Amino acid sequence: MIYGFSGDELPMTPWALDRYRANKPSFGPRMDTNDPTYDCYLPGIPRIYVHPAAFEFIHTPGRVIQYFEYDGFVRQIWTDGRPHLKIEDSGELLWMGDSIGRWEGDTLVVDTTNFNDKTWLDRAGHPHSDELHLTERIRRVDRNSLQIDMTIEDPKAYTKPIKALMN
């Protein structure tokens, strides 16, 4: 779990398996590195969660800002009711995706799409495509702890949704 979301191998499609084999993490038996973060690119969501650094939420009217200690990255989660960006309007896919959130009681539900395919899901080098769809259910467990229940869907890269729970 230090480097990925599961101790089990993920259910990759042949497309994803080819990319995974080409990816070279900065640790472990496949160590060599072509890790995009080593070229100063954003790690992406959900990968940034498996980096050993703190983050905080800043709640403002119409959006929640997620500030990551890891290289000072910022993620905006829009809560003002807007729809996801249309790629033809934005001009390009995004490193951290386009995040739209809503509150269900004490749980922040975040729906993220419009990713580019240049990041990895985790530090182990699991790829994703531009069809990645991430749903997070984030809730505060106690004063200092969050629970993030994630569903990772990417039909081009994985044969079924991947569920992960981070505490």
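These are notes on the sheet, one buried arginine and the largest pocket of a predicted model.

1. Basis. The model is predicted: local features need pLDDT of at least 70, side-chain atom pairs count only at pLDDT 80 or more, and totals for chains, interfaces and linings use all residues. Residues are numbered from 1 along each chain as its sequence is written, and side-chain values use heavy atoms, with hydrogens and water left out.

2. Sheet. Eight strands (DSSP runs of E, at least two residues, numbered from the N terminus) form an open sheet in the order 1-2-3-4-5-6-7-8, with mixed pairing. Strand 1 (55–60) and strand 8 (162–166) are at the edges; each has a single partner strand, so one side of each lacks a neighbour in the sheet.

3. Strands 3 and 4. Strand 3 pairs with strand 4 (residues 98–104) in the parallel sense over two bridges; pairing requires at least two bridges found by DSSP. Ile-77 has Ser-99 in strand 4 as its bridge partner.

4. Arg-75. This residue lies in strand 3 (residues 74–78). Arg-75 is buried (under 20% relative accessible area, 1.4 Å probe, protein chains only), at 2%. Its side chain makes a polar contact of 3.3 Å with that of Tyr-49; such a contact is a pair of N or O atoms within 3.5 Å, where one must be able to donate a hydrogen and the other to accept it, and residues adjacent in sequence count only if both atoms are side-chain atoms.

5. Pocket. Strand 1, strand 6 (133–142) and strand 7 (145–153) each supply at least two residues of the lining of the largest pocket.

Notes: Helix = DSSP H or I, 4+ residues; strand = E, 2+ residues; numbered from the N terminus. Buried < 20%, exposed > 50% of the residue type's maximum accessible area, 1.4 Å probe, protein only.
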